[in-house]
Amino acid sequence: MPLLRGEVVNFEGQEYRLHGLQIDVPDAQPGPVLVAAPGPLMLKLTGEFADGTSTWMVGPKTMDEHIVKTSTAAVESGAFERTFEFLASLNR
């Protein structure tokens with residue numbers, strides 16, 4: 001998350017291009033990056049690279065699987081050496 005760390009970002013995509021973009025907010029601390037993607041691969045990547053996950057609008061079965069899979073990926077990657085957040089919401 002280079003942009004959130006105040007680093008200069010360059011990106012050359014098909015639709016968007018950024019050259020030398022930098023966000024500098026004095027005394028600002030970067031907020032957590034939460035990923036809302038309940039698929040197995042995205043949960044693993046979330047555990048490895050993000051600060052937490054969001055379970056907005058999932059049912060009880062998905063909530064159970066989501067938390068277990070994400071927690072497992074986070075533990076395996078060593079993510080629990082830092083804070084790992086869950087933003088939980090349950091859709092009945």
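**A tour of the predicted model**

Start with strands E1 and E2, which form a hairpin with four residues between them. This is a predicted model. Select residues 9-12 for E1; this strand and E2 run antiparallel and pair over three bridges. To see one contact between the two, pick glutamate 12 and look across to arginine 17 in E2, its bridge partner.

Next, follow the chain out of E2 (17-21) into the loop that leads to strand E3 (34-35), and select aspartate 27 there. Is aspartate 27 buried or exposed? Its relative accessible area is 79%, and exposed means over 50%, so aspartate 27 counts as exposed. Now check its backbone. Most residues other than glycine have a negative phi. Aspartate 27 is not a glycine, yet its phi is positive, at about 65 degrees.

Now turn to the largest pocket, with a volume of about 180 Å³. Select Leu3, Leu4, Arg5 and Gly6, then add Ile23, Asp24, Val25, Ala28, Gln29 and Pro30; together these residues line the pocket. What kinds of residue make up the lining of the largest pocket? Six are nonpolar, two are polar and two are charged.

Finish at helix H1, residues 40-49. Colour Leu43, Thr46 and Gly47, the buried residues of this helix. They lie on the same side of H1, because they cover an arc of only 95 degrees around the axis. Then rotate the view to the other side of H1, where Leu41 and Phe49 are exposed.

Key:
Residues are numbered from 1 along each chain as its sequence is written. This is a predicted model: local features need pLDDT of at least 70, side-chain atom pairs count only at pLDDT 80 or more; totals for chains, interfaces and linings use all residues. Side-chain values use heavy atoms; hydrogens and water are left out. Buried means under 20% relative accessible area, exposed over 50%, partly exposed in between (1.4 Å probe, protein chains only). On a 1 Å grid over the protein atoms alone, a cavity is a set of points where a 1.4 Å probe fits but cannot get out, and a pocket is an open set with protein on both sides within 12 Å along at least five of seven lines; lining residues have an atom within 4 Å of a point. Grid points are joined across faces, edges and corners, and a volume is the space filled by probe spheres set on the points. Ala, Val, Leu, Ile, Met, Phe, Trp, Tyr, Cys and Pro count as nonpolar, Asp, Glu, Lys and Arg as charged, and the others, Gly among them, as polar. The arc is that of the directions from the helix axis to the C-beta atoms. Two strands pair if DSSP finds at least two bridges between them.
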